[in-house]
Amino acid sequence: MAATELLPLWVLVPLLAAALAACLPARRAGQLALAVQLAALASWPLLAAAFADRGPLTVSLAGLAPPLAIRLYLDGIGLLLLGLVATVTTAASLHALATPGRAALRPAFWPAWLVLLAGLHTVVLSFDLFNMYVGLELLTLAAVALVASAGTVAALAAAMRYLLLAMLGSLAWLAGVAMIHAGTGSLDLELAGAALAPGGWVSVALALMLAGLLLKAAVFPLHGWLPLAHGAAPGAVSAVLSALVVKAALLLVWRVQLWLGPAGGADAAGPLLAALGGAAILWGSLSAYRQDRLKQVVAFSTVAQLGYLLLVLAMPSAVAWQGTTLHLLAHGLAKAAMFLAAANLVRRAGDPRLAALAGSDAAAPVSVFAFALAGVSLVGLPPSGGFLAKWLLLQGAWQAGAWWLVALLLAGSLLAAAYLFRTLAALLAHRDGAGQARAGLPVPRIAELAALALALGAIVLGFAAAPILDLAALPAGPGGAP
Amino acid sequence: MTGWPALPLLLVLLSLATALAVFLAGEARQRLRTTLNLAAALAKLGLVALLLRAVAAGETFQWRMPLLPGLDLVLKVDSLTLLFTTLSAVLWLLTTIYAIGYLERSPGRARFFGFFSLCVAATMGIATAGNLFTFFVFYELLTLATWPLVVHRGTQASFAGGRSYLCHTLFGSSLFLAGLVWLHALVGSQDFIAGGELGDVLSGNEAAQRGIFVLLLAGMGVKAALLPLHGWLPKAMVAPAPVSALLHAVAVVKAGAFGIVRLVYDVYGSERVQALGLGHWLAALAAATILYGSLMALRQADLKKRLAWSTVSQVSYIALGAAIAGPLATIGGLVHLVHQGLMKITLFFCAGLYAELLGSKRIDQLDGVGRVMPWTSLAFTVTALGMIGVPPMAGFVSKWYLGTGAVAAGQSWVVGVLVASTLLNAAYFLPVLGRIWFRPPPDAWPAPTRPGRWARAAMLLPALATALAALLAGLLAGLELSPLGWVKLIVAREYGG
Amino acid sequence: MMLLAFDLLLAAGLLGLAVLVVAGPTLFVSLVAYTVFGLLMAVAWARLGAPDLALAEAAIGAGLTGAMLMLSYRRLLAIRPERTGQRLVRRSRLALPIALACTVLSAGLFMALAGLPEPQRSAGGDALAATAQSEVGNPVTAVLLLFRGYDTLLELLVLLVAWLGVAMVQAQARPSAPRPPAPVPLLDALLAAVVPGTVLVGGYLLHAGGQAPGGAFQAGAVLAAAGVLMALAGRLQPRARATPVQAGLLVLGLLVFTAAGLWPLAAGQPLLALDGLATVYAVEAAMTVSIALGLCLLFLGAAGLGSK
C-alpha cells in the first residue's frame with residue numbers, strides 16, 4: 001500500500017487543514033498551516049524513497065480504471081517540484097508568521113494559503129485534464145485572495161486584473177479540454193494522447209489549451225498581470241506566487257506538449273513556444289532594468305526567468321531537460337529568497353522605491369546578503385544552481401546546433417546581471433543624512449533568516465545537483481525515452 | 001608523490017572563512033577584525049611556505065569534487081601555482097596592513113575587509129585551479145568579490161567605474177563561457193596538464209581549436225587588460241588606493257595574465273599554439289597593447305591614471321612571453337608576473353600615500369615632495385627605475401629574458417618593441433621623478449592631513465617592504481631562492497627546457 | 001420539423017440577447033438581457049438533454065447571478081449614477097481588433113467542432129455502464145460522487161476559497177446591507193409562503209438526485225435562493241465575520257466528504273470509493289448545506305450572516 005495509495009493525501013491533508021483553518025482564529029490558523037507544511041517537508045523523503053524504488057508512481061482513485069476514474073501521477077520532475085513547494089512554502093509562511101502585517105492577521109489569509117498549497121499539490125499530481133482545470137482554478141482563486149490580502153488599492157486592482165485574465169485562461173483551457181474529450185472520449189492524459197490522431201481540430205484544441213496556460217504562466221506577451229500582482233502582494237505571497245504558482249502552469253505546458261503534443265503538431269509548437277520564451281527573457285530583463293521600485297524589479301525578473309523554462313521545447317534532449325529541471329528548482333529558491341529579502345528591505349526603509357533604499361547594507365545586512373546571493377544564482381554566476389542550470393542548457397543548445405539559443409542564454413545572463421547590479425548599486429549607495437532616523441519598521445530575525453536560508457539553498461544546489469538530477473530523468477511521455 | 005589532497009582546498013577556505021568571520025564580526029569590533037585579518041594573512045603565508053618546500057621536493061597535491069557527471073571542480077598545487085600563490089600571499093599581508101592604515105577613518109570597513117578576503121579566496125582558487133572549468137568558477141567569483149571594492153566609496157563616479165568594470169568583465173566571461181561550452185561539447189572536461197593535451201584530443205579540427213582559443217583568450221584578456229578590452233582599468237581608479245593596488249598587482253590583472261599562461265602552456269601547449277599560427281597574433285596583440293598603454297600613459301595628468309595605463313602596458317609582457325616560443329621567453333614572461341607585481345604595488349602604495357597625506361593626486365602637484373616625504377619618494381624612485389628597466393633591477397631581468405628569448409625564437413622585432421617600451425617608460429616616469437626631487441615644493445599642499453603615527457607607519461612600511469623586495473629580486477636574481485630561480489624550476493620541470 | 005423551428009428560435013434568441021447585452025442602450029437593459037439570456041441558456045441545456053445542467057443554470061446562472069447584478073446595479077446608482085445611463089461596453093479602439101479576433105476564433109472553433117471524430121470508447125459510455133451496476137440511478141450523481149468524487153471534493157474547495165476571497169476584501173468592500181423595504185404585509189405573506197416552499201423544493205431535489213435529475217448543487221442553489229430572498233427582504237443581514245457555527249456549516253460538506261472518502265482506507269478499500277446509497281445521501285446533504293450557505297454569502301458579498 002504505502003506511498004502510492006497515500007499519494008492523494010498530499011492533496012487531502014491541506015484540504016482538510018484549510019477547512020479547519022477557516023473556523024479558527026488567525027494565529028491558530030497560522031500555526032496549523034505551518035504544521036501542515038512541516039509535515040509535508042518531513043514526508044517528502046519517504047516519497048522520494050518510494051520513487052527511487054519503483055519509478056513513476058500512478059494511482060487511480062476510487063479503485064476504478066481510466067477513462068472513468070481520475071489518475072494521479074508522480075514523475076521525477078513532479079517529485080522535485082513537490083520538494084520545492086514544501087521548502088518554499090515553509091520558509092514563506094515562517095516569514096509571514098514573523099512579520100505580521102495587516103495581511104497575515106486577516107482571518108481568511110491562512111485558509112487561503114492552505115488552499116493554495118492544496119492547489120499546487122493537485123496540479124503537480126494530476127494526470128487528468130479536467131482535474132488540472134480544477135487545480136488551476138484553486139490556484140487562481142487562492143492567489144487572487146492572497147494578493148488582495150495586502151489591503152491596498154493597488155493590490156485590489158492588481159488582484160482584479162489577475163482574476164479576470166486568469167478566468168479567460170481557464171476558459172480557453174476548458175474549451176480545449178472539452179474538444180479533446182469529445183474527440184477521444186477520455187480525459188486521462190495518456191489515453192487521450194494515445195487516441196489522438198493529427199487533425200485540424202486537435203491543433204485548435206491544443207492551441208486553446210496552451211493559450212490558456214500561457215496566460216496563467218505569464219509568458220510574454222500575456223504577462224501584463226504578473227508585475228502588478230506580484231509587486232503589490234505581501235512579501236511572502238509574492239515569493240510563493242513567483243516561485244511556485246506560475247511554475248505549476250508551466251509544468252502543465254510541458255505535460256501537454258509531451259503527452260498530447262506528438263499527435264497535435266508539437267514540432268511546430270515547440271520552437272514557437274521557445275521563441276516566446278526567448279522574447280520573455282529579453283523583454284522581461286529590459287523592463288526590469290527600467291523599474292524604480294524594488295519589488296517591480298524582482299517581478300519583471302520573474303517574467304524573464306520563466307522564459308528559460310520554455311527553451312527546452314525547442315531542444316528536447318536529456319541534457320536540456322536536466323538543465324531546465326535544475327533551473328526550475330534554482331529559480332524557485334532564488335526568486336522566493338529575493339522576494340522575502342525585498343519585503344524585508346522595504347519594511348526596513350519604509351519606502352518601496354530603489355532610491356530610498358540607499359544604505360540598506362548597513363541597516364539590514366542579512367537581507368542584502370540574501371538578496372545578493374539569490375541574485376548570483378539568478379544571473380547564473382558560479383557557484384550556484386542557476387549556473388549549473390545555465391551550463392546544462394548551453395550544452396543542450398550546443399549539441400542541438402541551436403546557435404540562437406546559445407546567444408540568447410548568454411545575452412539573458414548579461415541582461416540579468418545588468419538589472420541585478422543596478423539594484424545592488426542602489427542598495428549599497430551611501431545614504432544622505434545618515435543621522436536621520438529611518439521611517440521603516442524593524443525586521444524580525446526569522447524573516448531575515450528565512451530569506452537567507454532559501455538563498456543559501458540556491459547556492460548549495462550548485463554543489464548538490466548530481467544526486468538531485470539522478471531523480472529527474474527525461475519526463476516520460478509516449479514514445480519519449482529518457 | 002602526492003601530499004595531503006585537502007591542502008589546496010585549505011588555501012581557498014582559509015580566506016573564505018576569514019571573509020565570513022569579518023562580516024559577522026560587524027563594523028564596531030575593529031581590533032577583532034584587525035587581528036583576524038593579520039592572523040589569517042600570516043597563516044596563509046605559513047601554508048604557502050609549507051607548500052613551497054613540499055613542491056620543491058617534488059610533491060604534488062590535487063583535490064577533486066564532481067559537480068555533474070563529466071564536470072569536476074579540481075584544485076591542484078604545482079610549481080606554477082605557487083608562483084602566483086606566493087605573490088598573492090605576501091602581497092595580501094602587506095596590502096592588509098596598508099589598508100588598515102589607509103582606511104583608518106573611513107566608514108564601511110567591515111564590508112571592505114570582508115570582500116577583500118573574498119577577493120583573495122577567489123585569487124587562491126584561480127591559482128590552484130586544476131582545469132578550465134574550475135578556473136572559470138573562481139574567475140567569476142573574483143568579479144563578484146571585486147565589484148563591491150571598486151564601488152566602495154559609494155559615489156556616482158564609483159558606480160560609473162563599477163559599471164564599466166562589470167560591462168567589460170561580464171562580456172568577456174560570456175565569451176569565455178561560450179568557448180568552454182564548445183570545448184566541453186567536443187571533448188569533455190580538460191584538466192591542466194603541463195605541455196597541453198588539447199592538440200592531441202582535438203586533432204584534425206583546427207578551426208575548433210582556433211575558435212576556442214580566441215574565445216577563451218577574449219575572456220581572460222578582459223581582466224588582463226589586453227587591447228581592445230582594457231577600457232575598464234583606468235576607470236576603475238576611482239577605487240581607494242588599497243583596492244587599486246590589489247587589483248593591479250595581485251588580483252584581477254594577474255588573474256587574467258595567469259589564465260593566458262595556463263591556456264597557452266597547460267591546455268594547448270606552446271608548440272601547438274605556434275603550429276596553429278596563434279602565437280604571432282597573440283604576440284602582435286601584446287606588443288600593440290604594450291605600446292598603446294605606454295603612449296596613453298604619457299598623456300595622463302593624474303598619477304593613478306598614469307600608473308593604470310602603465311599596468312595595461314606592463315602586464316602584456318606576460319602575454320608576450322607566452323606568445324613567443326622557447327623557454328627563455330617563457331621565463332621572461334613568468335618572472336615578470338612577480339616582478340611587475342612587486343613594483344606596481346609599491347608605486348600604488350606611494351600614490352596612495354601622496355594622496356592621503358598631502359592631497360596630491362595629480363602629477364603637477366608632486367613638486368618637491370621628496371623633501372617632505374623622503375622615504376616614500378625613495379621607494380617610488382627605486383621601483384620607477386625598475387619599471388623602466390634599469391639594471392640591476394627586477395624589471396631589467398624580465399626584459400632581458402624576453403629579449404633574448406625573442407631573438408632565440410627568431411622574432412627580433414620584439415626587441416624593438418621592448419626598446420621602444422623602455423624609452424616610453426622613461427618618458428613618463430623620469431619627469432615625475434624630476435618633479436619629486438628637483439623642484440621646489442609649493443607653499444601649500446592641496447589637502448594636507450595628519451593621520452596618527454600608527455596609521456602612517458602602517459602605510460609606509462609595506463611600501464618600503466615591497467620596494468626592497470623588488471630591489472632584491474633583481475639584485476639576487478641569480479639565487480635559487482629568488483623569483484627567477486623558482487621560474488627556472490617551473491620551466492625546467494614543466495616544459496623540459 | 002417543429003423541433004428544428006424551436007431550435008432555430010432558441011439560437012436566434014440567444015444570439016439576439018447576446019448582442020443586446022453588449023450593445024444595449026443602457027446598463028440596465030444589458031443586465032436584464034443577461035438574466036433572460038441565462039434563462040434561455042437553461043432551456044438550451046434542457047433541449048440538449050442535460051436536465052441537471054439546466055437546473056443548475058436556471059438557479060445559479062439566471063437566478064442568483066441575475067439577483068446579484070440587480071443588487072450591484074442599485075449600489076452603482078447610489079455611488080456612480082452617471083455610469084448607469086451609459087452602455088455596458090464603452091467605445092474603444094480595441095473593439096474592432098477584438099471583434100475580428102473573436103470572429104476568427106469562432107470560425108476556427110466551428111470548423112474544428114465540425115471535424116470532431118466519434119471516439120469508439122468514451123468515458124461517458126463507461127459511466128453509463130458503471131451506473132447501471134451501482135445503487136445510484138442518476139448517472140450525473142454517480143459520476144460526481146462515485147467515479148470522480150476527487151474533482152467534486154476539489155470543487156467544494158473552490159467554493160470555499162471563493163468565500164475566502166470575499167472575506168479577504170471585506171474591509172475595503174464594506175458591503176452595505178440591502179435596504180429593506182418598508183413593512184408591507186404582502187412581503188411577509190410572500191416570505192411565509194415562498195421560503196418554506198423553496199426549502200421543500202430543495203429537499204426534494206436533494207432526495208430525487210439519487211435517481212433522477214437533481215442533486216446537491218441544484219438543491220443548494222435553490223436553498224441559497226431562499227436565503228437571498230430573506231436577505232433582500234432584510235430578514236438576514238451581512239456581517240463582517242462568520243460565527244463559528246456558520247464557518248462550521250460552510251466547511252461541513254468538505255469535512256463529511258473527506259471523511260467518507262478516507263473511511264474506506266481503514267477497511268482496506270481504495271480512497272474515495274464511497275459505498276452505499278446512505279453514504280451518498282449523507283455526503284450530498286452536507287454538501288447541500290455548505291453550498292447553500294456559501295452561495296448565499298457570495299451573493300451578499302459578506303463573510304457571515306446575522307439577523308436584523
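**View 1. Where chain A meets chain C.** In this predicted model, 54 residues of chain A are in contact with 48 residues of chain C. Putting these two chains together buries about 4300 Å², and carbon and sulfur atoms give 79% of that area. Two pairs of chains are in contact here, and chains A and C are the pair that shares the most contacts. Chain B is another story when it comes to chain C: those two do not touch, and their nearest C-alpha atoms sit 41 Å apart.

**View 2. A salt bridge between chain A and chain C.** Zoom in on A:Asp128 and C:Arg148, which pair up in a salt bridge with their closest N and O atoms 2.6 Å apart. How many salt bridges turn up across the interface of chain A and chain C? Just one. As for polar contacts between these chains, the count is three residue pairs, with both residues at pLDDT 80 or more. On the chain A side, helices H2 (9-21), H6 (109-125), H7 (129-148), H8 and H10 (200-216) each bring at least two residues that touch chain C. The largest share of that side, nine residues, belongs to H7(A).

**View 3. The two faces of helix H6 in chain C.** This helix runs over residues 123-133, and its buried residues are C:Ala123, C:Asp126, C:Ala127, C:Ala130 and C:Thr131. Looking down the axis of H6(C), you'd find those buried residues within an arc of 135 degrees, so they line one face of the helix. Here's the general idea: an α-helix has 3.6 residues a turn, so residues three or four places apart point the same way. Turned away from the buried side of H6(C) are the exposed residues C:Leu128 and C:Ala132. And what covers the buried residues of H6(C)? The cover includes helix H8 (153-184) of chain A, along with helix H7 (139-147) of chain C.

**View 4. C:Tyr73 and its surroundings.** You'll find C:Tyr73 in helix H3 of chain C, which spans residues 51-79. Is C:Tyr73 buried or exposed? Its relative accessibility is 14%, so C:Tyr73 counts as buried, the cut-off being under 20%. Setting aside neighbours within four places in sequence, C:Tyr73 is in contact with C:Leu27, C:Phe28, C:Leu31 and C:Thr84. C:Arg83 is ten residues from C:Tyr73 along the chain, and their C-alpha atoms are 10.0 Å apart.

**View 5. Confidence along chain B.** The mean pLDDT of chain B is 85, and 97% of its residues reach 70 or more. Confidence in chain B is highest in helix H5 (residues 132-150), at a mean of 90, and lowest in helix H7 (residues 198-201), at 67.

Notes. Residues are numbered from 1 along each chain as its sequence is written. Chains are lettered from A and ligands numbered from 1 in the order in which they are written. This is a predicted model: local features need pLDDT of at least 70, side-chain atom pairs count only at pLDDT 80 or more; totals for chains, interfaces and linings use all residues. Side-chain values use heavy atoms; hydrogens and water are left out. pLDDT is the predictor's confidence in each residue, from 0 to 100. Helices (H or I, at least four residues) and strands (E, at least two) are DSSP runs, numbered from the N terminus. Contact means heavy atoms within 4.5 Å. Buried means under 20% relative accessible area, exposed over 50%, partly exposed in between (1.4 Å probe, protein chains only). The arc is that of the directions from the helix axis to the C-beta atoms. Buried area is the accessible area (1.4 Å probe) that two parts lose on being put together, summed over both. A salt bridge is a side-chain nitrogen of Lys or Arg within 4 Å of a carboxyl oxygen of Asp or Glu. A polar contact is a pair of N or O atoms within 3.5 Å; within protein, one must be able to donate a hydrogen and the other to accept it, and residues adjacent in sequence count only if both atoms are side-chain atoms.
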